[in-house]
Structures are given as structure tokens and as C-alpha cells.
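Biologist: Let us examine this model by question and answer. Please display the sequence and the coordinates before we begin.

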Number of protein chains: 2
Amino acid sequence: MKSTEIAKLAGVSRSTVSRVINGYSNVPPETRRRVMDVVEKYGYSPNNAARNLAGKPSRIVGLFIVDLDETSENIIHASPFYSAFLTYAADRLQQKGYQLLVSVIKNRMQMKNILNMFQENMVSGGIFMGDLVPSSILKALSDAHCTSILINQRESVNYPGILTANTENYWGAYEAVNTLIENGHKRIAHIAGSIDKSSTRERFEGYRDCLLKNGIPFEENLVVKMNIHREENGYWAAKQIFANNQGRLPTAIFSSNDLLALGAMRALGDMGFRIPQDVSIIGFDNTEISRFTTPPLSTVAASVEKLSNLAIDNLVALVEGKECLRQNLKLEEFEVIVRESILNINAPETPTDI
Amino acid sequence: MKSTEIAKLAGVSRSTVSRVINGYSNVPPETRRRVMDVVEKYGYSPNNAARNLAGKPSRIVGLFIVDLDETSENIIHASPFYSAFLTYAADRLQQKGYQLLVSVIKNRMQMKNILNMFQENMVSGGIFMGDLVPSSILKALSDAHCTSILINQRESVNYPGILTANTENYWGAYEAVNTLIENGHKRIAHIAGSIDKSSTRERFEGYRDCLLKNGIPFEENLVVKMNIHREENGYWAAKQIFANNQGRLPTAIFSSNDLLALGAMRALGDMGFRIPQDVSIIGFDNTEISRFTTPPLSTVAASVEKLSNLAIDNLVALVEGKECLRQNLKLEEFEVIVRESILNINAPETPTDI
DNA sequence: CTGAAAGCGCTTACAG
DNA sequence: CTGAAAGCGCTTACAG
């Protein structure tokens with residue numbers, strides 16, 4: 001079925017069919033009805049390749065997962081955050097009549113190719129996750145009107161047409177550390193991520209500032225920076241922290257994400273420390289797994305679903321030409337989830353000891 | 001950059017540029033070189049919409065996640081198998097120069113629309129997961145040359161151009177149950193999925209046949225069928241099994257997947273049973289979470305990555321017109337992973353009792 | 001309000 | 001081996 005046939009059956013021209021399909025106003029209700037009847041009867045839907053070629057934006061959004069680190073496994077499997085975001089995004093887009101094209105970006109050439117995808121109307125919006133997208137690319141995207149959104153990459157950006165969406169990393173981290181302090185901990189280590197990306201940098205800053213605000217000195221050697229997408233890195237980070245602090249061991253760890261926390265828990269076990277009796281630990285992200293660890297891992301939860309919805313809703317609005325109220329979005333809600341991985345070391349002696 | 005400009009710069013016609021780009025043989029090396037130099041210099045890549053419209057197949061594969069059950073949450077989030085498969089598939093396709101378009105199918109109309117996507121050269125291959133795709137649709141896909149593969153849906157299909165890929169569900173289940181039997185269990189319950197889909201039906205059959213082979217009668221009321229995508233269903237299934245078998249409680253459970261097993265473990269805890277001292281349990285899929293439960297859950301592992309690779313490799317080969325050796329694929333490798341959720345109830349008395 | 005016509009950027013018989 | 005031309009199925013000024 002093509003528009004010519006619909007036109008013939010409805011007794012109008014292709015132009016009119018096109019106007020009806022695209023919902024233009026300059027066609028009287030009676031004509032519209034006649035055309036729509038035929039369209040519905042034959043289940044006609046216009047050919048997308050032809051529409052795109054003729055200049056119509058496509059209803060496809062590209063999800064670009066940037067993974068420039070050749071040494072690591074593919075980050076989409078490694079980190080549950082990505083696959084969760086991806087599935088929520090696909091779902092939300094579906095509801096709005098869009099589809100999701102998933103693309104893993106391994107090098108700068110593939111990055112350049114994204115511009116082509118926009119110019120060809122293959123995608124009309126982009127979502128960027130993973131490794132930091134360089135400013136030069138952001139500028140190129142903005143100049144070429146490639147409407148896009150960065151997820152947990154930068155705190156803010158002001159290239160026109162480029163949005164950012166972030167979770168409340170700073171205060172989330174701050175409150176995680178505050179929770180440890182409320183439980184009597186003073187010597188708190190941090191397994192951190194890269195400072196390039198705002199998400200992990202802000203988590204680090206929240207950690208540091210919370211210590212200082214509570215009169216606890218910040219110590220460089222209680223912090224280890226790691227690539228956040230590998231559980232093993234959490235293992236090695238914990239080993240390193242404990243090796244560097246013989247005699248003044250930390251009583252608690254704040255880990256930049258749950259995945260690293262998992263590795264750290266294994267390391268603590270191997271070193272003969274019990275959780276939480278010897279060391280308390282809290283992660284970030286509230287990934288599925290955190291509920292099931294032994295003991296269950298405390299963590300900071302910011303809904304991936306809500307972040308995804310926030311991002312998709314604003315991106316699609318911008319793609320569709322609606323006024324964009326805020327360029328730099330933040331999901332402010334978060335929750336510190338305290339599970340059994342934290343011990344209150346201020347707790348009064350147990351009755352039996354009295 | 002468009003082909004006309006490349007043609008001008010290389011001093012040839014658009015036709016020749018097209019021939020070079022498409023790697024046709026009837027162009028002498030010298031001309032090819034001259035064209036390629038210009039192509040590379042300007043980073044030209046042909047417009048996909050135009051190619052598709054002109055009849056070239058696209059390098060996009062659609063992943064259609066069928067979810068007709070209106071009552072449930074979206075199954076892609078619910079079940080870790082889907083998001084794992086999806087990410088591996090995106091990765092493997094990327095390596096072959098393809099991209100993945102993710103689409104959630106909520107009703108028959110969207111299902112029909114898939115045919116359009118093929119006809120418009122939007123996608124040149126399809127992967128179907130989730131709820132069973134009706135035969136009528138399979139026939140339509142086959143007739144319209146929509147090369148596709150069904151994942152864990154049907155044991156076999158013989159419509160031309162439609163493949164199936166399955167894990168070794170029957171023997172995986174058989175060996176899981178056999179492991180329980182080897183550990184002295186005789187009264188073994190089963191939390192099953194729908195019998196429509198081959199994956200869950202075969203797991204049920206493996207369970208049943210293993211019992212019979214070992215001289216253990218099969219009892220209907222030790223089996224409960226559930227939608228496999230919700231943890232709660234595992235909870236209710238376990239409750240129901242124990243309620244129906246007062247006085248002759250099972251000593252072990254084989255669950256059709258890990259997600260249901262998780263729910264069952266919670267139910268056992270709530271009913272005051274200890275795992276594995278009172279009840280042993282084994283799941284299926286070896287999802288990430290299974291390593292972290294308390295106690296760690298025994299399970300059957302068939303690599304999602306290998307299944308995904310098997311499916312993608314064969315689908316792409318068929319899409320590209322290569323001879324297809326086998327239409328119904330099976331990933332035969334699997335492994336029963338025994339963790340602490342299984343107790344050997346044949347074990348000799350402990351020394352202290354002697 | 002509506003149709004005829006040009007144009008989107010490719011590919012592919014066809015003719016030479 | 002190579003170019004001129006038709007065609008893929010739409011959209012959109014343009015003219016009326």
C-alpha cells in the first residue's frame with residue numbers, strides 16, 4: 001500500500017493524503033474522513049525511508065553508549081545501571097510512539113558517524129551514556145542541531161539543543177556518609193570513580209564535604225579512584241585502602257556504586273573482616289543485587305525509572321519543537337536505604353553486659 | 001556530502017561511486033582507488049534513507065519484545081534474561097556492522113506493523129522474545145521474507161526464513177532435578193511456567209521425566225504453574241505448594257527460573273523453613289543475583305552471551321543470503337551450579353552423633 | 001482548499 | 001567498464 005493507491009481509492013491527490021496523514025489543518029473534515037476511512041480500511045502506514053528522505057524527522061531516538069576503554073568488557077553488561085536505563089527508555093519511548101536504536105560507540109570515528117545519523121533523519125534525538133563525550137563533539141552536535149541529552153555525565157552544559165540529566169549525586173553521597181557518621185563512624189574510606197564525569201566527581205565531593213562539615217579531616221589515603229564498571233576494582237580498592245592504613249583502619253566504606261561495593265565486600269571477607277561488625281559499608285544506585293548480598297547492602301536509591309522518564313520526556317519535547325524550560329535537569333529525589341551492612345558503633349552495651 | 005559531489009571530485013559518475021561504495025566487481029582498481037581517496041578524504045557515507053528507499057537492505061535488526069499481558073509490569077525490566085540478552089545482542093551486532101532497534105510489542109496491531117518495518121527496509125532481520133508469537137504471524141513473516149529468529153519460544157519451526165534458538169531446557173532441568181535426587185531428595189516440587197512456550201514446557205518435561213526415570217512418581221499437586229516474570233509469583237507458588245501438601249511436605253524445589261526461586265526463598269523464610277536444612281532449592285538461568293542470595297542459589301547456567309551470539313550469527317548470515325545450515329538452533333552446553341541452597345539429606349550422621 | 005510537479009539521495013537495469 | 005535515466009514513496013512549496 002502506498003499513498004498513490006490510497007489517493008486513488010479516496011478520490012483525492014497524493015498531496016491531500018499526505019496532508020491528512022500529517023494532520024495538517026488545511027483540509028476540511030469531510031475530505032479528511034474520506035481519506036482516513038481508506039487508510040484505516042487498508043491499514044496503510046507511510047514508508048519511513050521515503051518520509052525521512054523527504055525531510056521528515058524519524059520517530060527514532062538513538063541511545064549511544066560510549067565505551068572508549070578498550071581494555072574493559074563492554075560496559076553495558078558490566079553495569080546494571082545501563083541495562084536498566086535502556087529498558088526503561090525503550091518503554092517510555094514506545095509510549096510516545098518512538099523507537100530506540102541502541103548503538104555502542106567504541107571510537108571517535110563512530111562518534112563522528114552519529115552526526116550522519118542525524119543528518120539522514122535516521123534518528124531525531126540522541127541519548128549519551130557511559131564515558132564522557134568530549135566538548136568538541138558536543139559543540140558539533142549542537143551546531144548540526146542534533147538534539148541530545150547526556151545522562152550523568154556533566155553537571156551542566158549550555159550548547160543549544162544539548163540537555164543534561166543527572167541524579168542527585170552530591171547530596172546522595174553526602175547523606176550516605178552522614179548516615180555512617182550518625183552511626184558513630186569517623187574513619188570512613190571512599191572508593192571513588194573518575195573525576196572527569198560529574199556523577200562520580202559529585203559523589204566524591206559529597207563524601208569530602210560531609211566529613212569536613214562534621215569536623216572530620218579529609219585524608220587522601222582513605223580514597224582510591226577506580227574505573228567504576230568492574231566489580232574486581234572494588235576488590236582491589238578495598239585491599240589497597242586497608243594496606244595503606246595499617247594501624248588506623250577505617251571502620252566504614254562509602255563506595256561510589258554498588259558494583260564496587262560488592263567487590264569490596266568480597267575483599268573484606270578475604271581479609272577476615274566481618275560486615276558490619278568490623279567494617280560497615282554503603283554503596284550507591286540501589287541495584288537489584290544490593291538487596292540480596294550477605295548482609296544486604298545499604299545504598300543510595302535514585303530511581304533509574306524516574307531518571308529515564310525525566311530524560312525521555314524532555315528530550316522528546318525538545319525534538320518535537322516544544323519550548324524547553326530547563327536545559328540541565330536533575331532528579332532531586334533520592335533515598336538512603338539502610339540495610340544490615342551498617343553497624344551503629346555508638347550503640348549502648350547490650351543488656352547482658354550490664 | 002552526497003554521492004554527486006564525490007562523483008564530481010573523482011571525475012566519474014554517480015553510478016560509479018555507487019558501484020565502488022557497494023563493492024561491485026566491475027570497476028577497475030585504478031578507478032576504485034580514485035573514488036575511495038575522495039570518499040575517505042571527506043568521510044563520505046551514503047544516506048541510509050535513500051539507500052533503503054532504493055531497495056537496499058538496512059543494517060538494522062529489530063528486537064521485538066512481545067508483552068501482550070496487560071496486567072504485568074513490562075517484562076523487560078522484570079526478567080534479567082531479557083536485558084542481558086539485549087545488551088549482548090547489541091554488542092554482537094555492532095561488531096558485524098549492524099545496529100539494534102528495540103521495540104516492545106503490546107498488541108496484535110503493533111505485531112502487524114512489524115511487517116511494514118521489513119517492507120520499508122527499516123530492519124532486515126528480526127529477533128522475537130517474550131510471549132509466544134502466534135503461528136499466523138510467523139507464516140505472514142515467512143511469506144513476506146522477514147528473516148527472523150525466535151528465542152526460547154518454540155522447539156522448532158519450519159517456515160522458510162524463520163529460525164529458532166533455544167537453550168538446553170530439557171536436559172538442564174533433568175540434570176537439576178537429578179542433582180536433587182543425588183542429594184537424597186525424593187519429594188521434589190516444581191514451580192513451572194506456561195506450557196505454551198517451549199522453554200518452560202521443556203523444563204517441566206525434564207523435571208517430570210527425571211523423576212520417572214528414578215522411580216519417583218510424578219504428582220500433580222507438587223507442581224504449580226505461574227507467569228515466570230514476577231518474583232511474587234514464586235512466593236505464592238511456594239505458599240501454595242506447602243499448603244497443598246500438609247503432612248507430606250516436599251524436601252526440595254526445582255524452580256523454572258531464578259526469579260521465581262527468589263520469591264520462593266522468601267516464602268520459605270516467612271513460613272519458618274530454613275534453606276537448605278529444611279528445604280533445598282535450585283533455579284534456572286544463573287542470573288547475576290543468584291550468586292548473592294542467602295544462601296547462594298543453586299541454578300542451571302546456559303550462557304546468555306553464547307545464546308545471543310549463536311542467534312545473531314545465524315540470523316545475520318541468513319539476512320546476508322548465506323546458506324543456512326540449521327534452522328532450529330540449540331545451545332547444548334549448560335552447567336548445573338551447586339551452591340549452598342542444596343543439602344545432602346543422605347549425608348552420614350555427623351561425628352558428634354556417633 | 002487542492003493538485004501537478006519538483007525534489008530528497010541513492011541504486012540499478014539499460015545501452016553503449 | 002561506465003554514464004544517462006528511471007525509479008524508490010514520500011513531502012512541500014507553488015500556483016490556482
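Biologist: How many residues of chain B are in contact with chain A?

Modeller: This is a predicted model, in which local features need pLDDT of at least 70, side-chain atom pairs count only at pLDDT 80 or more, and totals for chains, interfaces and linings use all residues. Residues are numbered from 1 along each chain as its sequence is written, while chains are lettered from A and ligands numbered from 1 in the order in which they are written. Two residues are in contact if their C-beta atoms, placed from the backbone, lie within 7 Å. On that basis, 34 residues of chain A are met by a set from chain B that numbers 34.

Biologist: Which elements of chain B each supply at least two residues of the side that touches chain A?

Modeller: Helices (H or I, at least four residues) and strands (E, at least two) are DSSP runs, numbered from the N terminus. At least two residues of this side come from each of H4, helix H5 (75-78), helix H6 (80-95), strand S2 (99-105) and helix H7 (108-119) of chain B.

Biologist: By class, how many residues on that side of chain B are nonpolar, polar and charged?

Modeller: Ala, Val, Leu, Ile, Met, Phe, Trp, Tyr, Cys and Pro count as nonpolar, Asp, Glu, Lys and Arg as charged, and the others, Gly among them, as polar. The side of chain B that touches chain A accordingly divides into 13 nonpolar, 17 polar and four charged residues.

Biologist: Which residue of S2(B) is the bridge partner of Leu100(A)?

Modeller: Two strands pair if DSSP finds at least two bridges between them. Strand S2 (residues 99-105) of chain A and S2(B) run antiparallel and are joined by three bridges. Within S2(B), the partner of Leu100(A) is Val102(B).

Biologist: What rotation superposes chain B on chain A, and why do the copies meet through the same surface?

Modeller: The copies meet through the same surface because 100% of the interface residues of chain B are also interface residues in chain A. Superposition is by least squares on the C-alpha atoms of residues with pLDDT of at least 70 in both copies. With 0.0 Å of shift along the axis and an RMSD of 0.0 Å, chain B is brought onto chain A by a rotation of 180°. The two copies are thus related as by a two-fold rotation axis.

Biologist: Which element gives the most to the surface near DNA strand C?

Modeller: A residue is near a strand if its C-beta atom, placed from the backbone, lies within 6 Å of it. DNA strand C is surrounded by 27 residues, and the closest are Ser13(A), Ser3(B), Ser18(B), Ala50(B) and Ala54(B). Two or more residues come from helix H2 (14-21) of chain A and from helix H2 (14-21) and helix H4 (48-53) of chain B. With five residues, the element that gives the most is H2(B).

Biologist: Which element provides the largest share of the surface near DNA strand D?

Modeller: Around DNA strand D there are 27 residues, of which Ser3(A), Ser18(A), Ala50(A), Ala54(A) and Ser13(B) come nearest. This surface comprises ten nonpolar, eleven polar and six charged residues. The largest share, five residues, comes from H2(A).

Biologist: What distance separates the centres of domain 2 and domain 3 of chain A?

Modeller: Domain bounds come from an automatic or database domain assignment, which for chain A gives domain 1 (3-46), domain 2 (60-168 + 305-334) and domain 3 (169-301). In chain A, 16 residues of domain 2 are in contact with 17 residues of domain 3. Taken over C-alpha atoms, the centres of domain 2 and domain 3 of chain A are separated by 28 Å.

Biologist: How many of the six residues of strand S5 (residues 162-167) of chain B are buried?

Modeller: A residue is buried if 20 or more other C-beta atoms lie within 10 Å of its own, exposed if 12 or fewer, and partly exposed in between, with C-beta atoms placed from the backbone. Ile162(B), Thr164(B) and Asn166(B) point one way from S5(B), Leu163(B), Ala165(B) and Thr167(B) point the other way, and all are buried. Strand S5(B) is therefore largely enclosed by the rest of the structure, its buried residues numbering six of the six.

Biologist: Which residue of strand S11 (residues 328-331) of chain B is the bridge partner of Thr164(B)?

Modeller: S5(B) is joined by four bridges to strand S4 (residues 148-151) of chain B, in parallel, and Leu150(B) stands opposite Thr164(B). S5(B) also runs parallel to S11(B), again over four bridges. In S11(B), the partner of Thr164(B) is Asn328(B).
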